[in-house]
Amino acid sequence: MYPRAFHYHRAGSLTEAVTMLSQLGDDAKLLAGGQSLIPLMKLRFANPGHLVDLNFISGTSYIQEEDGGLRFGALTRHAEIADSALAAKIPIVHDCAAGIADVQVRNRGTIGGSLAEADPSGDWAVVLMTLATEVRCLGTNGERTVPLAGFVKDAYTTALAHDELVSEVRVKIPAKGSGGAYIAFKRSAPVYPTASAAVQLTMDGDVCKDAAIVLGCVGLTAIKVTDAEVALRGHSFTDKAIKAAMEAASAAADPQSDMRGSADYKRTLVGALVKRAIEAASHRARGEQVEVSHIYA
Ligand SMILES: Cc1cc2nc3c(=O)[nH]c(=O)nc-3n(C[C@H](O)[C@H](O)[C@H](O)COP(=O)(O)OP(=O)(O)OC[C@H]3O[C@@H](n4cnc5c(N)ncnc54)[C@H](O)[C@@H]3O)c2cc1C
């Protein structure tokens, strides 16, 4: 289906894009990779009267290291992150970027667009919630920094005002002795996961000093499983500790039954994904090279 007719505006800078949003009002939307917005427009679930295109603004796609963190320009494509040696300094970030959909979607879709979309099935928020992540937002009143946990408010809802955009995503590089892994279960590459689990650990020998565990696609937003983190923190990874983390993950999941599986199935699945992600993350925390890829049905 064709989208409804709309006016196209090409922004020359992020500041100009913000001004356009403010002048055009609620009927205007930003266009980044178009990998969520354009399908929604074709289905006529989204019918903006004005599109403000960010794609021709120079200097919005970059990955830079600064002050112990990585800075991602809002228009940085998933594929650029998957191919970046700098981004690979945080292996869970590479897992995420490399596993999103297929090559076409990864070549167009952007990290800023994904976070702004706040799709309950999107991968980026799940992974970045395990890390110290901040979102830089630019509006008509200037820039502000919002921690990711406060940025995503609900399904498809963020802290962005209408005339505000994501300009940059900042992620702290985890301390030495840390490792993370992201594993999703998918029916095929170009579909969203049935469920996913992101685990980021800091180890002191065999003992887990710190853990962050976040689930995807089993709730309206990414779910941080505090009980599973507590089950691991201060312990070595015995069968008992891992079982407790799996059970906490299954209990925290709040999935819907749909074409991807029943709610009960997803609750069980997410426990198994957490177990696999803990295993991969703990190897990486010990400095071992471990390839992690999604599991396909
Ligand atoms: C077939 C298919 C499969 C997919 N599978 C997956 C998957 O497995 N996992 C996954 O995570 N994603 C998946 N996606 C979505 C993909 O990752 C998108 O790239 C992403 O959701 C949106 O990014 P975008 O740059 O394309 O944004 P767009 O589609 O251009 O925009 C999305 C929304 O964000 C707003 N927006 C865009 N950029 C900004 C900004 N800088 N500041 C503020 N608002 C902004 C737009 O106005 C719009 O409302 C899939 C998409 C398709 C088409």
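**Exercise 1. Decide whether Leu30 is buried or exposed, and describe its surroundings.**

Solution. In this predicted model, Leu30 has 25 C-beta neighbours inside 10 Å and therefore counts as buried, since the cut-off for a buried residue is 20 or more other C-beta atoms within that distance. The next step is to place the residue, and Leu30 is found in strand S2. Leaving aside residues up to four places away in sequence, Leu30 touches Ala17, Val52, Leu54 and Leu165. A separation across the model completes the description: Leu30 and Ala252 are 222 residues apart along the chain, and their C-alpha atoms are separated by 34 Å.

**Exercise 2. Work out the strand order of the open three-stranded sheet, and state which strands form its edges.**

Solution. The order is S1-S3-S2, and the pairing is parallel. Strand S1 (7-10) and S2 are the edge strands, each of which pairs on one side only. Neighbouring strands of this sheet are turned against each other by 25° on average, with direction ignored. For the pairing of S2 with strand S3 (residues 50-53), the parallel ladder comprises four bridges, and within it Ala28 has His50 of S3 as its bridge partner.

**Exercise 3. Characterise Gly68 and the hairpin to which its loop belongs.**

Solution. Begin with location and exposure: Gly68 lies in the loop between strand S4 (63-66) and S5, and because 10 other C-beta atoms lie within 10 Å, Gly68 is exposed. The two flanking strands form a hairpin with two residues between them, and Asp67 in the turn has a positive phi of about 50°. S4 and S5 pair in the antiparallel sense over four bridges, with Gln64 standing opposite Arg71 in S5.

Then consider what Gly68 meets from elsewhere in the chain. Its contacts, not counting residues up to four places away in sequence, are Lys172 and Ile173. Gly68 and Val171 are 103 residues apart in sequence, and their C-alpha atoms are 8.8 Å apart in space.

**Exercise 4. Explain why S10 (164-172) can be called largely enclosed, and identify strands that pair with it.**

Solution. Seven of the nine residues of S10 are buried, so the strand is largely enclosed by the rest of the structure. Strand S5 (residues 69-73) pairs with S10 in the antiparallel sense over five bridges; in this pairing Arg71 has Arg170 as its bridge partner, while Leu70 stands opposite Val171. Strand S6 (residues 133-139) also runs antiparallel to S10, and seven bridges join the two, with Leu138 matched to Leu165 as its bridge partner.

**Exercise 5. Determine how helix H4 (residues 91-99) is set into the structure.**

Solution. Eight of the nine residues of H4 are buried, so the helix is largely enclosed by the rest of the structure. The buried residues are Pro91, Ile92, Val93, His94, Asp95, Cys96, Ala97 and Gly99. They pack against helices H3 (78-82), H7 (124-128) and H11 (263-285), and against strands S10 (164-172), S11 (178-186) and S12 (195-204). Just after H4, Ala101 takes a positive phi of about 45°.

**Exercise 6. Describe the shell around the ligand, and explain why the ligand lies between two domains.**

Solution. First, the shell contains 31 residues, and the closest to the ligand are Gly33, Gln35, Gly109, Gly113 and Ala116. The elements giving two or more residues to this shell are strand S2 (28-31), helix H2 (37-42), helix H5 (103-108), helix H6 (111-117) and S10. H6 supplies the largest share, five residues. By residue type, the shell divides into 16 nonpolar, ten polar and five charged residues.

Second, the domain assignment of the protein gives domain 1 (7-53), domain 2 (65-172) and domain 3 (178-296). Both domain 1 and domain 2 give residues to the shell, and the ligand therefore lies between them. As a last step, the separation of domain 1 and domain 3 may be noted, their centres, taken over C-alpha atoms, being 35 Å apart.

Terms used:
Residues are numbered from 1 along each chain as its sequence is written. This is a predicted model: local features need pLDDT of at least 70, side-chain atom pairs count only at pLDDT 80 or more; totals for chains, interfaces and linings use all residues. A residue is buried if 20 or more other C-beta atoms lie within 10 Å of its own, exposed if 12 or fewer, and partly exposed in between; C-beta atoms are placed from the backbone. Two residues are in contact if their C-beta atoms, placed from the backbone, lie within 7 Å. Two strands pair if DSSP finds at least two bridges between them. A residue is near a molecule or strand if its C-beta atom, placed from the backbone, lies within 6 Å of it. Ala, Val, Leu, Ile, Met, Phe, Trp, Tyr, Cys and Pro count as nonpolar, Asp, Glu, Lys and Arg as charged, and the others, Gly among them, as polar. Domain bounds come from an automatic or database domain assignment. Axes are lines fitted to C-alpha atoms, for helices over the stretch in contact, and angles run from 0 to 180 degrees between N-to-C directions.
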